[in-house]
Amino acid sequence: MRQPIFALIDCNNFFVSCERLFRPDLENKPVVVMSSGDGCVVARSNEAKALGIPMGAPVYKWRQFFKDNRVVQFSGNFELYGDISRRITDVLASVTPQIEVYSVDESFLGLSELKIDDYRAWGRAVRDKIWQWIGIPVSVGVAPTKTLAKLAANHAKVHPALNSVLSLSPLPPQPERQRERFILSHSTAKNRVRIFPSDSVKGLSFHAWLRATPVQEVWGVGWRLAPRLQAEGVHDALQLSQLRPQHAQQLMGIHGRQLVAELNGLSCYPLEREGKAQKSIARTRTFGEDTGDIGSLEAALASFAAKAAFRLRVDHQLARRAGVFATTNKHKPGYQVWRRETYFPVPTADTGKLIASVVDLFHKFYNPHVKYHRAGVWLQDFVPVDHLQTDVFGSVNVAAEGRSKARMQTLDSINERFGRGKIRYAAEALGNKWEPKHRLRSPRYVTRWNELPVVHTLK
Amino acid sequence: MYYENTDGVSVHEGFPNPATDTSLQSLDLNTLLITHTATTYLMRMSGDEWQILGIFGGDIVIVDRSINAQPNDLVVWTKADRFTLSYKHTVDESTAVWGVITATIHQFRKAQR
């Protein structure tokens, strides 16, 4: 078998880059994109990062700062980002069908089937192609494992000298002494892979950079595992790579052992080619203004339930569990969170049934004197539509389920034809207060005929 | 048509009904106007400055970014922070071209939906 090799193609400040594509005047200016509902910052241009605006900054706290520093703000234009993301995927899929779309702005490519002599040159060609053809800047990391490819792409992104591309190529057994040799492997690993960075940044080798990478920034560590590692004295990526496999397994389970192997160049995570069936679906939102109005709240929750149910049906799944949560404003005194969930003996994707349950759940904790800031609906515990099982008492009402399914298909096909949300359940249409303010949203340049970018005349 | 094939089996072969041929497709304007769907963007022309080329205000401008601009191509480029249209050879060398115009669409009547 060929030695596995992966590339991570990571879009730089993706949402901001999408906005800039049609707004050349925004080059070199600080730009932020806000979550739907304008709750917090979800993307920042490099200029905005340099001003010290953190990811997730609550917008209402930063409004004056944005004004003072002429930061250009956008409400999220998710139709635009989704369309540009699909275009990038299409171009990458023409490079190789070995592609895993990891998120809206990141894709892994499997390169072992391709004949590539120089991975750095290959990475630069991909970077240039996406830039010229789509108009979005990307960073490329190439490495023998997905975890290393992700680290390489991050490294390439933050060091301008690398020009957005870093390859950590596995080299043939004979070491070339002249080159900067870089062995991540702990001496216990038998078939260790020697890894050679294609470039080193002056004054900061990849080795040193790993040491400077906090352990929670390694793919797959995150906020949950990081404290456990830090308690063991593992604070950076280099220390993590030097952890004994058994020790890693004790700390993090089998996933930890794989993680350490991945950092040492032994691939454990293959490309996941199938579109991952989601394990849960959530629809949540921060309200335009905090509200205790039962009508607006019910309408919002009903709408979330309808959207989640639609997604469920697209995936051909039924849910066994549905839940509701609501919170007050985290940044105000007396912050509180409420959650309730329910179980369906007969799994369902029926919008009507889900709305009814969700509204019922909400009434279990609703208090008219509370100003709710954020709320959401989640669906969990899915079964495929084809495997509709009866519960232990065999109480599926086949005729009723059949009717429900037919009704849902009608609803979905009408919505597909005339636009999402043309047909709604009555509860959904009650209020508008909760609808996000799209005041700062850019035109939907690529998805609406009446919002196309304009070619001006010179006169 | 009636004939006997070499196996001695008789075959009746009428004129095939083209409507049952699943590979048959009506003409689709996308295949005429858009070669690279991933790299093609649509824009809207403003103003009648380019009437002489048959491009009017309100027309749809089809722009493909994957084409290398030749001197006689019409291109979209950025001037004073706005998109504008010119022949490639008239655009300053140092200016990046946004994309090559492959077609424009002029509608005499808006399609009724």
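Modeller: A residue is buried if 20 or more other C-beta atoms lie within 10 Å of its own. Keep in mind that this is a predicted model.

Colleague: Thanks, that helps! With that cut-off, what percentage of the residues in chain A is buried?
Modeller: Chain A has 459 residues, and its elements are 14 helices and 14 strands. Counting residues that reach 20 or more neighbours within 10 Å, the buried part of chain A comes to 38%.

Colleague: And what percentage of the residues in chain B is buried?
Modeller: Chain B has one helix and seven strands, which follow each other from the N terminus as β-β-α-β-β-β-β-β. Of its 113 residues, the buried ones make up 19%.

Colleague: How much of the contact set joins residues at least 24 apart in chain B?
Modeller: Take the contacts in chain B between residues at least 6 apart in sequence. For chain A, the share with 24 or more positions between partners is 67%. For chain B, the share at least 24 apart is 44%.

Colleague: Let's look at where the chains meet. Which element gives the most to the side of chain A that touches chain B?
Modeller: The contact draws on 18 residues from chain A and 21 residues from chain B. On the chain A side, α4 (78-95), α5 (119-133) and β14 (454-455) each supply at least two residues. By character, that side divides into ten nonpolar, four polar and four charged residues. The element that gives the most, with three residues, is α4(A).

Colleague: Nice. Which residue is the bridge partner of A:Val454 in β3(B)?
Modeller: Strand β14(A) is joined by two bridges to β3 of chain B, residues 40-45, and the two run parallel. Within β3(B), the partner of A:Val454 is B:Arg44.

Colleague: Which helix gives the most to the largest nonpolar core?
Modeller: That core has 89 residues, and A:Ala149, A:Ala152 and B:Val76 touch the most other members. With six residues, the helix that gives the most is α6 (residues 146-158) of chain A.

Colleague: Leaving aside neighbours within four places in sequence, which residue of chain A is in contact with B:Val76?
Modeller: Among the partners of B:Val76 in its own chain are B:Met43, B:Val63, B:Phe83, B:Leu85 and B:Trp98. B:Gly99 and B:Ile101 are in contact with B:Val76 as well. From chain A, the partner is A:Val455.

Colleague: How many residues are in the second, separate core?
Modeller: This core includes A:Phe310, A:Val324, A:Leu354 and A:Leu361. Its number of residues is 32.

Colleague: Now the open sheet of chain A: which strands are at its edges?
Modeller: The sheet has four strands in the order β10-β13-β11-β12, with antiparallel pairing. Neighbouring strands are turned by 15 degrees against each other on average, direction ignored. Those that pair on one side only are β10 (280-291) and β12 (337-348).

Colleague: Which residue in β12(A) does A:Gly323 stand opposite?
Modeller: Strand β11 (residues 317-327) and β12(A) run antiparallel and are joined by eight bridges. Opposite A:Gly323 in β12(A) stands A:Glu341.

Colleague: Last one! What angle does the direction of α13 of chain A make with that of β11(A)?
Modeller: Helix α12 (residues 294-314) packs on the sheet, touching β10, β11 and β13 of chain A, and its direction makes about 30 degrees with that of β13(A). Helix α13 (residues 351-363) packs on the sheet too, touching β11, β12 and β13 of chain A. With β11(A), the direction of α13 makes an angle of about 30 degrees.

Methods:
Residues numbered from 1 in each chain as written. Chains lettered and ligands numbered in written order. Predicted model: local features only at pLDDT ≥ 70, side-chain atom pairs only at ≥ 80, totals over all residues. Contact = placed C-beta atoms within 7 Å. Nonpolar A, V, L, I, M, F, W, Y, C, P; charged D, E, K, R; others polar. Pairing = 2+ DSSP bridges. Core = buried A, V, L, I, M, F, W, Y, C linked by C-beta atoms within 7 Å. Buried ≥ 20, exposed ≤ 12 C-beta atoms within 10 Å, placed from the backbone. Axes fitted to C-alpha atoms, helices over the stretch in contact; angles between N-to-C directions.
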